[in-house]
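Open the structure in your viewer and keep the selection panel at hand. The stops below say what to pick and what is there.

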Amino acid sequence: MNILILGANGFIGSHLSEAILTQTDWSIFAMDLAQDKLENCLSNKRFHFFAGDMLKQKKWVTEHIKKCDVILPLVAIATPAAYVQNPLSVFELDFEANLAIIRQCVEFKKRIVFPSTSEVYGMCLDAEFDEEQSHLVTGPIHKERWIYSTSKQLLDRVIYAYGKHHALAYTLFRPFNWYGPRLDNIFNPKPGGSRVLTQFIGNILRGEDIMLVGGGAQQRCFTYIDDGINALVKIIENKNNLAHQQIFNIGNPIENISIRTLAESLITLIKRYPHHAATADKTQLIDVEAAQYYGPGYQDVQLRVPAIRKAEQLLGWKPSVNLVVGLQKTLDFYLA
Ligand code: UGA
């Protein structure tokens, strides 16, 4: 199989590329602006990398959609601070640019494996979010945070409709707070400049206090990248066509912790690294209002637990990496 990965140098793209090259005999055609996360892939003969901007290199993209069997458009802005600060950039890249790719998959009859998101469920009150039953709940228009959720939701609906009315072969996957090595840049000191885990690691290493938005009682199910990638490889493989036209939550419902507990666990774990123990010891947890941290356009999700029955039954997948092990591996990467 030939796989096209747009955004291969991202967190998911780089881990997926590595897994495909080591676990399968598939070839990868990859595009991204940079290649710093791909050092384990670049010398592999089955990895064909092109440095470029998906928005500009349209001819390359079209040629490769035609040439490949499965298309993974992974280019997107995925940090909540950006949803509030640059909502139109989120719309233009996450929605408009990806819609063009989806349409070409329809035109050239190619299978698309598309990243939806846990964010589509928004502030749904269900104890666990079910792909087929849960309502997708967002806030008023001036809460700009939801532009990411609703852009992704509309793409989900567009893909579903192309599947139903134009026989598009697709699978949608919804990552629930995937984390691990190469997540975001911990040296980006901007508040909200990265997702929470890398934000907190960076705070601790720089000797800054940790800001707990809204007090940190909100919970997330943290899912280690290797578990997520195992699911993704099964989805691409599509044994017996079981992933065809399906939506899958890919998350770890057991590792459901509050953001405050995450901060406390990180401080405890980082104290075990002699070079950083003293700084970690001084880290304070400070409660901060969401509007003060992100601006008035932000709204939070209090509980976000995935139902994973579908992935278990159709893909034979379930997560296996517990949070402490996953956090240790992540810290070994960032602190080494
Ligand atoms: C994330 C992002 O939208 C996407 O990366 C992705 O689609 C999705 O979730 C996912 O991975 O499932 P969220 O979990 O809200 O959304 O994003 P984080 O930035 O990781 O924040 C998690 C929580 O930590 C939020 O409640 C946030 O307010 C809090 N936080 C963040 C703090 O308390 N302090 C900080 O310094 C940063």
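The tour covers the ligand site and then one helix of this predicted model.

**Stop 1: the ligand shell.** Select the ligand and the residues around it. The shell counts 26 residues. Ser118, Asn177, Met211, Arg220 and Tyr293 are the closest. Now colour by secondary structure. Helix 3 (80–85), helix 6, strand 8 (210–213) and helix 10 (290–294) each give the shell at least two residues.

**Stop 2: polar contacts.** Pick Tyr148. One of its polar side-chain atoms sits 3.2 Å from a ligand oxygen. Go to Arg195, where a polar side-chain atom is 3.3 Å from an oxygen atom of the ligand. At Pro175 the partner is a polar backbone atom, 3.2 Å from a ligand oxygen. Alone, the ligand has 720 Å² of accessible area, and the protein covers 97% of that.

**Stop 3: helix 12.** Select residues 323–335. How far apart are the end C-alpha atoms of helix 12? They are 17 Å apart, which agrees with the 18 Å expected because 13 residues rise at 1.5 Å each. Next, show Asn322. Its side-chain oxygen caps the N-terminal end of helix 12, 3.1 Å from the backbone nitrogen of Val324.

**Stop 4: the buried side.** Highlight Leu323, Gly326, Leu327, Thr330, Leu331, Tyr334 and Leu335, which are buried. Their arc around the axis is only 145°, so they lie on the same side of helix 12. An α-helix has 3.6 residues a turn, so residues three or four places apart point the same way. Finally, display the cover over these buried residues: it includes strand 7 (178–179), helix 6 (196–205), strand 10 (223–224), strand 12 (256–258) and helix 8 (259–270).

Notes: Residues are numbered from 1 along each chain as its sequence is written. This is a predicted model: local features need pLDDT of at least 70, side-chain atom pairs count only at pLDDT 80 or more; totals for chains, interfaces and linings use all residues. Side-chain values use heavy atoms; hydrogens and water are left out. Helices (H or I, at least four residues) and strands (E, at least two) are DSSP runs, numbered from the N terminus. The expected span of a helix is 1.5 Å times one less than its number of residues. Buried means under 20% relative accessible area, exposed over 50%, partly exposed in between (1.4 Å probe, protein chains only). The arc is that of the directions from the helix axis to the C-beta atoms. Contact means heavy atoms within 4.5 Å. A polar contact is a pair of N or O atoms within 3.5 Å; within protein, one must be able to donate a hydrogen and the other to accept it, and residues adjacent in sequence count only if both atoms are side-chain atoms. A residue is near a molecule or strand if one of its heavy atoms lies within 4 Å of it. Accessible areas come from the Shrake-Rupley method with a 1.4 Å probe; for residues, only the protein chains shown count as cover.
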